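Student: Please pick one part of this protein and go through it slowly with me. I'd like to see how it fits with what surrounds it.

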Amino acid sequence: MPFAHRLNQGRLVTRYKRFFADVELDTGATVVSHCPNPGKMLGLLTPGTPALLSEITDPARTLRWRLEALREGKTWVGVNTQWPNRLIGALIRDAKVPVLRGYACQRPEVRYGQNSRIDWLLQGHAQQPDAWVEIKNVHYSRTPGLAEFPDSVTERGTRHLMELIGRVAAGERAVVVFCVQRDDVFRFDVARDLDPAFGRAYAAAREAGVEFLAHAFRVTPEGITHSHALEIEA
């Protein structure tokens with residue numbers, strides 16, 4: 001999936017108030033950018049980290065710049081949490097997720113459970129029940145080759161897993177797809193030490209029949225492309 005324009009490069013100065021980041025562009029100018037990521041972004045926020053920014057041309061937007069990626073080692077890591085739904089949605093639409101092929105209808109943001117919204121509801125399969133697909137953004141890797149989620153406590157994520165257990169109990173499919181915005185990892189596991197409650201919910205969901213997938217994407221200044229599926233650790 002290409003960016004509208006090649007991204008601008010710079011170096012992170014600081015991230016603050018969750019949704020703002022100061023970045024020094026390669027031109028020497030320091031700009032305030034929107035940081036579209038509410039998480040801790042653990043492991044990525046060292047001052048001086050190489051950064052990629054998109055330039056926003058909409059005159060109605062307050063900020064001209066948006067932080068898209070930060071580099072860890074030799075790998076660009078996507079931090080914009082607005083991308084995963086589109087990336088995984090495109091994979092499903094293009095039949096590149098084998099276990100989710102054959103659905104005639106793909107609906108976004110459908111309400112379910114206790115005030116939750118599913119990212120994609122797949123319907124109209126000749127042999128399979130409806131599939132409720134939840135997508136989680138992943139950037140964290142503290143062990144070479146291993147992607148982990150979450151990087152901090154996520155009560156919302158735990159609630160989603162419990163909601164999906166209910167969909168399976170109702171005779172439908174529930175699928176969680178971890179969208180890993182980096183291509184230097186080949187295995188995925190849950191960071192149980194960082195969020196024990198999510199770890200317990202994950203174990204309960206697997207036991208109940210919720211399906212888990214993980215797909216890695218390559219991030220470059222030109223765009224984001226699908227790289228490979230990851231092995232899910234037991």
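Tutor: Let's start with one residue, then look at strands and pockets.

Before we zoom in, keep in mind that this is a predicted model, where local features need pLDDT of at least 70, side-chain atom pairs count only at pLDDT 80 or more, and totals for chains, interfaces and linings use all residues. Residues are numbered from 1 along each chain as its sequence is written, and side-chain values use heavy atoms, with hydrogens and water left out.

Our residue is Asn37, found in the loop that links strand E3 (30-34) with strand E4 (50-55). (Helices, H or I with at least four residues, and strands, E with at least two, are DSSP runs numbered from the N terminus.) Is Asn37 buried or exposed? Asn37 counts as buried, because its relative accessibility is 6%; buried means under 20% relative accessible area, exposed over 50%, and partly exposed in between, using a 1.4 Å probe and protein chains only.

What does Asn37 touch? Skipping neighbours within four places in sequence, its contacts (heavy atoms within 4.5 Å) are Arg15, Arg18, Phe19, Val79, Thr81 and Asn137. With Val79, a polar atom of the Asn37 side chain sits 2.9 Å from the backbone oxygen.

Now for the strands. Arg15, one of those contacts, falls in strand E1 (residues 8-16), which pairs with strand E2 (residues 20-25) in the antiparallel sense over six bridges; two strands pair if DSSP finds at least two bridges between them. Arg11 has Glu24 in E2 as its bridge partner. Three residues separate the strands in this hairpin, and Lys17 there takes a positive phi near 50°. E2 also pairs with E3, again in the antiparallel sense, over five bridges, with Ala21 partnered by Ser33 in E3. That hairpin has four residues between its strands, and Gly28 in the turn has a positive phi of about 105°.

Next, the open spaces. Rolling a probe the size of a water molecule over the atoms shows where empty space is left. On a 1 Å grid over the protein atoms alone, a pocket is an open set of points with protein on both sides within 12 Å along at least five of seven lines, and lining residues have an atom within 4 Å of a point. Points are joined across faces, edges and corners, and a volume is the space filled by probe spheres set on them.

The largest pocket holds about 750 Å³ of space. It is lined by 33 residues, of which Pro38, Thr81, Asn137, Phe149 and Arg156 are the closest to its centre. You've met Thr81 and Asn137 already, as contacts of Asn37. Helix H1 (84-93), strand E8 (116-123), strand E9 (131-138), strand E11 (146-149) and helix H2 (155-169) each give the lining at least two residues. By type, the lining has nine nonpolar, twelve polar and twelve charged residues. (Ala, Val, Leu, Ile, Met, Phe, Trp, Tyr, Cys and Pro count as nonpolar, Asp, Glu, Lys and Arg as charged, and the others, Gly among them, as polar.)

E11 belongs to an open sheet of four strands, in the order E10-E11-E13-E16, with mixed pairing. Strand E10 (140-143) and strand E16 (231-232) are at the edges, each with a single partner strand, so one side of each has no neighbour in the sheet. E10 and E11 run antiparallel, joined by two bridges, and Thr143 stands opposite Leu146 in E11.

How values were computed. Polar contact = N/O pair within 3.5 Å; in protein donor to acceptor, adjacent residues only side chain to side chain. 1 Å grid on protein atoms, 1.4 Å probe; cavity = no way out; pocket = protein on both sides within 12 Å on 5 of 7 lines; lining within 4 Å.
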